[in-house]
Amino acid sequence: MGDPSLIVVGLGPAGLDRAAARTLDLLQDPARSVIARTAQHPAVAELMDRREVRTCDDLYRQAPDFDSVYFAIADRVLEAVATGPVLYAVPGSAAVGERAVGEIRRRADRAGIGTEVIPGESFLDLVYAAAEVDPIADGVKILDGRDMPDPLVFDSSLVITQVDREEVLADVAAGLGRVLDDDTNVLVLDRLGDQDQVVRVMELAELSGYRPGPRTTLFVDPEPAGWYGLVVTNRLLRQECPWDRRQTHH
């Protein structure tokens, strides 16, 4: 039994050297056309030097919003499958933060198109290693920098992804600044896995001066703050303060 007509692969967080062996074999299969979500990734740039790759960057420029982009990508991939086997390649893991992949799978299932997903290494693996944090033991919340919750709840460490433009970084910094002190340390992570990767601690007040790119992520591990910080402080007082422990509702 051969490979399905549609395969979705994750390219890993950096160059092709981090991609899985089977993924590399599939990427070099001349019988299978390759569509990449974006050319703004080292692995895709390397691949384009080796073979023809169609990207979806034009859809980002044309679409009015991200939902429209995801639907347009699904249209492009499934239209290509009608003419032959297709490999759809995305940065990082195909199972992390790739909403178009879910849309493609749903449509392919309805159409009876054989599909396989090979996830790949996620950029989050490199984030956890750089931040020296275990997401299970330490607890980590992952947020989208383009859709930050308001109010922010600091009940765990935060990984803030997709901080890819200066205006997004400014909005994120402003949101953090409403709750945290200006001298709070923020770990800036950029181009993880590359030779010129950035792993840099900056104070929150300095953050807006950094120039982000498509692979910029922030890691924040503050003391409990905001409403959650108040609850934590009150609980600590009730447990450890003799005066507070003697108080009643009266």
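Contact here means heavy atoms within 4.5 Å, and helices (H or I, at least four residues) and strands (E, at least two) are DSSP runs numbered from the N terminus. This is a predicted model, in which local features need pLDDT of at least 70, side-chain atom pairs count only at pLDDT 80 or more, and totals for chains, interfaces and linings use all residues. Residues are numbered from 1 along each chain as its sequence is written, and side-chain values use heavy atoms, with hydrogens and water left out.

**Exercise 1. Take stock of the protein chain: how many helices and strands does the chain have, and what share of its residues is buried?**

Step 1. Start with the elements: the chain has ten helices and ten strands.

Step 2. Turn to burial, where buried means under 20% relative accessible area, exposed over 50%, and partly exposed in between (1.4 Å probe, protein chains only). Of the 250 residues, 43% are buried.

Step 3. Add the extent: the C-alpha trace spans about 75 × 40 × 35 Å along its principal axes.

Step 4. Finish with the contacts: among those between residues at least 6 apart in sequence, 60% join residues at least 24 apart.

**Exercise 2. Work out the order of the five-stranded open sheet, and find which strands stand at its edges.**

Step 1. Strands pair if DSSP finds at least two bridges between them. Reading across the sheet gives β3-β2-β4-β1-β5, with parallel pairing.

Step 2. The edges belong to β3 and β5 (115-118), each with a single partner strand, so one side of each has no neighbour in the sheet.

Step 3. Now look at one pair: β2 and β4 run parallel and are joined by four bridges. Val 34 stands opposite Leu 87 in β4.

Step 4. Place the helices, using axes that are lines fitted to C-alpha atoms (for helices over the stretch in contact), with angles from 0 to 180 degrees between N-to-C directions. Helix α4 lies across β1, β2, β3 and β4, while α5 lies across β1, β4 and β5. The angle to β4 is about 155 degrees for α4 and about 155 degrees for α5.

**Exercise 3. Describe helix α4: what covers its buried residues, and what does the helix give to the largest nonpolar core?**

Step 1. Check the length. Helix α4 covers residues 66-81, and its 16 residues reach 23 Å from first C-alpha to last, close to the expected 22 Å. That expected span is 1.5 Å times one less than the number of residues.

Step 2. Look at the start, where a side-chain oxygen of Asp 65 comes to within 3.3 Å of the backbone nitrogen of Asp 67.

Step 3. List some buried residues of α4, including Val 69, Tyr 70, Ile 73 and Val 77. Their cover includes β1 (6-10), β2 (33-36), β3 (54-55), α3 (57-62), β4 (86-90) and α5 (99-111).

Step 4. Now the core, a set of buried Ala, Val, Leu, Ile, Met, Phe, Trp, Tyr and Cys residues joined through side-chain atoms within 4.5 Å. The largest has 22 residues, and among those touching the most other members are Ile 73, Val 77 and Val 86. At least two residues come from each of β1, α4, β4 and α5, and α4 gives the most, with eight.

Step 5. A second, separate core holds 21 residues, among them Leu 152, Val 168, Val 172 and Val 188.

**Exercise 4. Follow α6 from its N-terminal cap to the residue after it: which residue caps the helix, and which one follows?**

Step 1. Ser 122 is the cap, with a side-chain oxygen 3.0 Å from the backbone nitrogen of Leu 124. Ser 122 sits in the loop between β5 and α6 and is buried, with a relative accessible area of 7%.

Step 2. Beyond residues up to four places away in sequence, Ser 122 touches Gly 92, Ser 93 and Val 96.

Step 3. The buried residues of α6 are Leu 124, Leu 126, Val 127, Tyr 128 and Ala 131. They pack against α7, β6, β7, β8 and β10 (216-220).

Step 4. Glu 132 follows α6 and is exposed, with a relative accessible area of 72%.

**Exercise 5. Find where the backbone holds a cis peptide bond or a positive phi outside glycine.**

Step 1. Recall the background: most residues other than glycine have a negative phi, and most peptide bonds are trans.

Step 2. A cis peptide bond joins Asp 150 and Pro 151, with omega about 10 degrees. Pro 151 lies in the loop between β6 (140-144) and β7 (157-161).

Step 3. Glu 132 has a positive phi of about 55 degrees, in the loop between α6 (123-131) and α7 (135-139).

Step 4. Arg 191 also has a positive phi, about 55 degrees, in the loop between β8 (185-190) and β9 (198-203). Arg 191 is partly exposed, at 28% relative accessible area.

Conventions:
Polar contact = N/O pair within 3.5 Å; in protein donor to acceptor, adjacent residues only side chain to side chain.
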